[in-house]
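I opened this model to look up its sheets, its cores and the surface beside the DNA. My notes follow in the order in which I made them.

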Amino acid sequence: MKRNKGKNLLTFPDDFCLVDVETTGIDPEYDEIIEIGAIRVRNGVQRDRFRMLVKPAEPIDEFIEQLTGITNEMLAEALPLKSVLPVFRTFLGDDIIVGHNINFDINFLYDGCIALNLPEISNDFVDTMRIARFVIPELEHHRLKDLCKHYQVENQHAHRAIYDCESTFEVLNHLKQDFSSSVMDWPARYKKKAKDLQAQTDIFDVTHPLYGKQCVFTGTLSRMTRAEAMQIVLNLGGTNGDNLSKKTDYLVVGSTEYSANVKGGKTGKMKKAEDYILKGCDITILSESAFYDMIAE
DNA sequence: TCTCCTCGAGATCT
DNA sequence: CTCGAGGAGA
């Protein structure tokens, strides 16, 4: 049976819920949840937490006891999943879910919700492992413990759900910092297209040089992502195009150093712009810094 | 240039 | 699961 899960996002959300589950093994088909931990975050700040042990149908084996520090003795007093999961499902709501290799956890929770007739978990989610592979590709491994070591995040109680949530939160903040302070950007296929964005205001300065003008970007910007730049243009009353056309007013040229196909040369959009200009179209090619000057005020 | 495929390789979760 | 490579077809 196919799971109808939410989208796997490549973003750093401000509001989300960190989630981690401990289980009796790695197969959702045969293994059971023994602990759920979650931390609700609002505007980047921890607000609420959920942590409950779950009594499984079968006793857990010694390996899992060793790994997690959760013992059969502790679980003897715990409530079964049918009592715990409804509470967790309410706690989670429709938050974006954040976790490390979070598909693992979602699969267990998703199946549990279906079995117990709870609202399906179709929440969008953010996987810190996937993000880490982009942000720090030089690391040989991207397990949670490797990331904790890399960022010097303490995880004394690794493999207890709530503490793994804590570590993941710290790691996420470091990844966000590294990502935004570098010149890298998500792979092209995840970049926002012009049509995916809209202005966040309806008050515009009609005298602004970008007002009513169409901008197209080429290359990698150093100070912001392309989506952020497009957003600024929209908020100034301008429009964006994914590709160059006769209606384009400005072509903003970022660095081509990191794009494998052109490597310092002219991009297709640049050649096309020069072509149009020769044919008499009124297109202005802007350097990255000229663009920043333009949006500065 | 762009999008949509298929394929195999490799990694992580308990 | 996700990624990159490589091909097909605009």
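**Terms and ground rules.** I call a residue buried under 20% relative accessible area, exposed over 50% and partly exposed in between, with a 1.4 Å probe and protein chains only. This is a predicted model: local features need pLDDT of at least 70, side-chain atom pairs count only at pLDDT 80 or more, and totals for chains, interfaces and linings use all residues. Residues are numbered from 1 along each chain as its sequence is written, chains are lettered from A and ligands numbered from 1 in the order in which they are written, and side-chain values use heavy atoms, without hydrogens and water. Helices (H or I, at least four residues) and strands (E, at least two) are DSSP runs, numbered from the N terminus.

**Entry 1: Asp 124.** I looked up its exposure first. Asp 124 has 25% relative accessibility, so I logged it as partly exposed. I found Asp 124 in the loop between α4 (102-115) and β7 (125-127). Then I checked its distance to Phe 16. The two are 108 residues apart in sequence, yet their C-alpha atoms are 9.8 Å apart in space.

**Entry 2: the 7-strand sheet.** I took two strands as paired if DSSP finds at least two bridges between them. The sheet is open, with mixed pairing, and runs β1-β7-β6-β2-β3-β4-β5. Its edge strands, β1 (8-9) and β5 (79-80), each pair on one side only. I followed one pair in detail. β6 (residues 97-99) and β7 run parallel and share 3 bridges. Gly 99 has Asp 127 in β7 as its bridge partner.

**Entry 3: the 4-strand sheet.** This open sheet has parallel pairing and the order β9-β8-β10-β11. β9 (239-241) and β11 (284-287) are the edges; each has a single partner strand, so one side of each lacks a neighbour in the sheet. The twist averages 30 degrees from one strand to the next. For such angles, axes are lines fitted to C-alpha atoms (for helices over the stretch in contact), and angles run from 0 to 180 degrees between N-to-C directions.

Next I looked at β8 (residues 214-218). Parallel to β9, β8 is joined to that strand by 3 bridges. Cys 215 has Asn 240 of β9 as bridge partner, and Val 216 stands opposite Gly 241. With β10 (residues 250-253), β8 forms 4 bridges, again in the parallel sense. There Phe 217 stands opposite Val 252.

Is β8 buried or exposed? I found 5 of its 5 residues buried, so β8 is largely enclosed by the rest of the structure. Gln 214, Val 216 and Thr 218 are buried on one side, Cys 215 and Phe 217 on the other. In a regular strand, side chains alternate between the two faces of the sheet.

**Entry 4: the cores.** A nonpolar core here is a set of buried Ala, Val, Leu, Ile, Met, Phe, Trp, Tyr and Cys residues joined through side-chain atoms within 4.5 Å. The largest has 26 residues; those touching the most other members are Phe 16, Leu 18, Ile 131, Ile 136, Tyr 151, Val 171 and Leu 175. β2 (16-23), β3 (33-42), α5 (128-135), α6 (144-150) and α7 (161-180) each give two or more residues to this core. α7 has the largest share, 7 residues. Another core, of 23 residues, lies apart from it and includes Phe 50 and Leu 92.

**Entry 5: DNA strand B.** I counted a residue as near the strand if one of its heavy atoms lies within 4 Å of it. There are 25 such residues, and Glu 22, Asn 101, Met 129, His 142 and Leu 144 come nearest. Of the strand's atoms within 4 Å of the protein, 80% belong to sugar or phosphate and the rest to bases. β2, α1 (62-68) and α5 each supply at least two residues of this surface.

I then listed polar contacts, here pairs of N or O atoms within 3.5 Å.
- His 142 has a polar backbone atom 2.3 Å from a phosphate oxygen of strand B.
- Glu 22 has a polar side-chain atom 2.9 Å from a sugar or linking oxygen of strand B.
- Arg 133 has a side-chain N or O atom 3.1 Å from a sugar or linking oxygen of strand B.

**Entry 6: a loop residue.** Asn 43 has a positive phi of about 55 degrees although it is not a glycine. Asn 43 sits in the loop between β3 and β4 (45-55). Its relative accessible area is 60%, so Asn 43 is exposed.

Definitions and conventions:
Polar contact = N/O pair within 3.5 Å; in protein donor to acceptor, adjacent residues only side chain to side chain.
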